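Dear colleague,

Please find below the structure that I am handing over to you. My notes on what was found in it follow directly after.

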Amino acid sequence: MTDSKFVKAMLMISGALLVFIGAFYMFAPIEFYASANQTDISGQTNLLSEIRAAGGGLLLGGILVITGAFKPHFAYTSTVISITIWLGWGIARLVGFAADGLPNEGIITATIFEILIGIWGMEERKKEEERKE
């Protein structure tokens, strides 16, 4: 990928959000769920383990995504990682809506942002491909 400012911006924003969310899931899941979902998960060891594991994946994914903003040779991989994570979460939530019903407004809003960030990454990939032609 080229040294595009738009690609760098997308990778920085996407990666920073992934690191931020991943860190909260990993290091403060009880507090995160209490504030974001009004749900008390304290004492639920198995659930906390699952949430922390997902947080670790998001945190590491975010670091890899940010790396692509500073290492142009890694930007393609970082963009694909970003697209995969954001669209994966957004699509999984849509499946949850169909299977379980609609969650609270905050989760619906998060779903919209996840899908939009994934689409943004896809658009940047498409533009990069067009620049190569």
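**Aromatic pairs**

The structure, which is a predicted model, holds six aromatic pairs. In one of them, the ring centres of Phe 20 and Phe 24 lie 4.9 Å apart with the planes at 70°, so this pair is edge-to-face. Both residues belong to helix H1 (residues 5-27), where they are four residues apart, about one turn of the helix. Phe 24 has a relative accessibility of 33% and therefore counts as partly exposed. Another aromatic pair is formed by Tyr 25 and Tyr 33; this one is tilted, with 6.0 Å from centre to centre and 50° between the planes. Both Tyr 25 and Tyr 33 are buried. These four residues also take part in one aromatic cluster, which consists of Phe 20, Phe 24, Tyr 25, Phe 32, Tyr 33 and Trp 89.

**Packing of H2 and H3**

Helix H2 (residues 29-36) packs with helix H3 (residues 45-70) at an angle of about 90°, and their axes are 10 Å apart. Because angles of 65 to 115 degrees count as roughly perpendicular, H2 is roughly perpendicular to H3. On the H2 side, the contact is made by Pro 29, Ile 30 and Tyr 33; on the H3 side, by Leu 48, Ile 51 and Arg 52. Five of the residues in this contact are nonpolar, none is polar and one is charged. Tyr 33 thus appears in the contact with H3 and also in the aromatic cluster.

**The loop between H2 and H3**

The loop between H2 and H3 contains Gln 38. Most residues other than glycine have a negative phi. Gln 38, although not a glycine, has a positive phi of about 50°. What is the relative accessibility of Gln 38? The value is 61%, so Gln 38 counts as exposed.

**The chain as a whole**

The protein chain has five helices and zero strands, and its pattern along the sequence is α-α-α-α-α. Taken along the principal axes, its C-alpha atoms fill a box of roughly 55 × 30 × 20 Å. The protein chain has 133 residues, of which 34% count as buried. Its exposed area is about 7,700 Å², and carbon and sulfur atoms supply 68% of that area. Among contacts between residues at least 6 apart in sequence, 72% join residues at least 24 apart.

With kind regards

Conventions
Residues are numbered from 1 along each chain as its sequence is written. This is a predicted model: local features need pLDDT of at least 70, side-chain atom pairs count only at pLDDT 80 or more; totals for chains, interfaces and linings use all residues. Side-chain values use heavy atoms; hydrogens and water are left out. Axes are lines fitted to C-alpha atoms, for helices over the stretch in contact, and angles run from 0 to 180 degrees between N-to-C directions. Helices (H or I, at least four residues) and strands (E, at least two) are DSSP runs, numbered from the N terminus. Angles under 35 degrees count as roughly parallel, over 145 as roughly antiparallel, 65 to 115 as roughly perpendicular and the rest as oblique. Contact means heavy atoms within 4.5 Å. Ala, Val, Leu, Ile, Met, Phe, Trp, Tyr, Cys and Pro count as nonpolar, Asp, Glu, Lys and Arg as charged, and the others, Gly among them, as polar. Buried means under 20% relative accessible area, exposed over 50%, partly exposed in between (1.4 Å probe, protein chains only). Accessible areas come from the Shrake-Rupley method with a 1.4 Å probe; for residues, only the protein chains shown count as cover. Rings of Phe, Tyr and Trp (its six-membered ring) pair if their centres lie within 6.5 Å; planes under 30 degrees apart count as stacked, over 60 as edge-to-face and the rest as tilted.
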